[in-house]
Amino acid sequence: MPANPSGYFSSQYFYGGKIMRVFETIKAAVTPMQAAEHYGLRVLPNGMTCCPFHKDRHPSMKLNKDYFFCFGCGASGDVIDFTARLFGISLKDAAEKLAADFSINPRPPEQSEIPNCHAEPTRDRERLCVCVLQEYLRHLRIWQLRYRPEKPGYPIHPRFAEAMKALPTVNHLLDCLLGNDLLLAEKTAEMLCEEGYTRRLSEYLGTLSEKEGDCA
Ligand SMILES: [Zn+2]
């Protein structure tokens, strides 16, 4: 399978089963920033770097904890997408390259079915927000891929529209919750819970999983 040409969709939806676990192991072990630095990009302390995917004179790519986003060309994805696109290789080859270059054992430990709530937030409230948002993110990325208009001018599917609208916010919130700024994480979780956002989103996700055939 060729590398995802746009770099826009998470690698995890291109493969199923075991390899997805391998991808999760790699993504938990290497951040996009670590990969970018390892592969020779100069990264500023704020995580900005010159985008390798378009002619970028001033750093317009933000490297976050678990995804990258270019404000110039819109390239985004996780560390495996990044590596695949940087070297023009498949996602599977990119995962293998990362495993080799970062000495990761790609055979993941046994995991439960609970979504991967990395970063071990110290508070239950933060952990809850992260889990709910990551679950929503999973749906959004599937919709973004599955319902994208086949050609310009085709009608926009409501779920594609929802994904395009919600993805930046969800990514931003996860960034706040999983970043190094613990006070920001705490305040974000507080806001999301006290305004009932997490509860409402969780209920909404419940209605989606009832029609899981729709989303699997
Ligand atoms: Zn770019």
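This short presentation covers the zinc site, the charged side chains and some local backbone features of one protein model.

Good morning, colleagues. Please bear in mind throughout that the model is predicted.

I shall begin with the metal. Which residues hold the zinc ion? Its protein donors are Cys 51 through SG, His 54 through ND1, Cys 70 through SG and Cys 73 through SG. These atoms lie 2.0 to 2.3 Å from the zinc ion. The arrangement is tetrahedral, because the four donor atoms subtend angles of 103 to 116 degrees around the metal. Written along the sequence, the spacing of the donor residues reads C-x2-H-x15-C-x2-C. Within that pattern, His 54 and Cys 70 are 16 residues apart and link distant parts of the chain. His 54 sits in the loop between β1 (48-49) and β2 (61-63), whereas Cys 70 belongs to strand β3, residues 68-70. Their surroundings may also be compared. His 54 is partly exposed, at a relative accessible area of 25%, while Cys 70 is buried, at 0%.

While we are on cysteines, how many disulfides does the structure contain? A search of the whole structure returns zero. For those who wish to look at a cysteine outside the zinc site, Cys 176 is buried, with a relative accessible area of 9%.

I turn now to charge pairs. Side chains of opposite charge can pair when their charged atoms come close. In this structure there are seven salt bridges, and I shall discuss some of them.

Consider helix α4, residues 91-101. Lys 92 and Glu 96 form a salt bridge there, at 3.4 Å from N to O. These two residues are four apart in the helix, so about one helical turn separates them. Both partners are partly exposed: Lys 92 has a relative accessible area of 37%, and Glu 96 has one of 46%. Lys 97 and Asp 101 form another salt bridge, with an N to O distance of 3.1 Å. Lys 97 and Asp 101 also lie in α4, four residues apart, or about one turn. Why is such a spacing suited to a contact within a helix? An α-helix has 3.6 residues a turn, so residues three or four places apart point the same way. As for accessibility, Lys 97 is partly exposed at 26%, and Asp 101 is partly exposed at 29%. Elsewhere, salt bridges that share partners join Glu 24, Lys 27 and Asp 78 into one network.

Let us look at that network in more detail. Glu 24 and Lys 27 form a salt bridge whose closest N and O atoms are 3.4 Å apart. They are three residues apart in helix α1, residues 17-29, which places them about one helical turn from each other. Are these partners buried or exposed? Glu 24 is buried, at 18% relative accessible area, and Lys 27 is buried as well, at 17%. Both values fall under the 20% limit for that class.

Asp 78, the third member of the network, leads us to helix α3. At the start of α3, a side-chain oxygen of Asp 78 comes within 2.9 Å of the backbone nitrogen of Ile 80. In the other direction, a polar atom of the Asp 81 side chain lies 2.8 Å from the backbone nitrogen of Asp 78.

Asp 81 itself deserves attention. This residue is found in α3, residues 79-87, and it is buried yet has no salt bridge. Where is the nearest side chain of opposite charge? That side chain is Arg 141, at 6.6 Å, and a salt bridge requires a separation within 4 Å. Asp 81 has buried company in α3: Val 79, Ile 80, Phe 82, Thr 83 and Ala 84 are buried too.

I close with two points on backbone geometry. Gly 88 follows α3 and has a positive phi, near 65 degrees. Ser 103 likewise has a positive phi, of about 50 degrees, although it is not a glycine. Ser 103 occurs in the loop between α4 and α5 (124-146), and is exposed, with a relative accessible area of 68%.

Thank you for your attention.

Notes. Residues numbered from 1 in each chain as written. Predicted model: local features only at pLDDT ≥ 70, side-chain atom pairs only at ≥ 80, totals over all residues. Heavy atoms only, no water. Donors = N, O, S within 2.8 Å, 3.2 Å for Na, K, Ca; no water. Tetrahedral: all angles 85-135°; square planar, octahedral: opposite > 155°, others 65-115°. Buried < 20%, exposed > 50% of the residue type's maximum accessible area, 1.4 Å probe, protein only. Lys, Arg positive; Asp, Glu negative; His and termini not counted. Polar contact = N/O pair within 3.5 Å; in protein donor to acceptor, adjacent residues only side chain to side chain. Disulfide = S-S within 2.5 Å.
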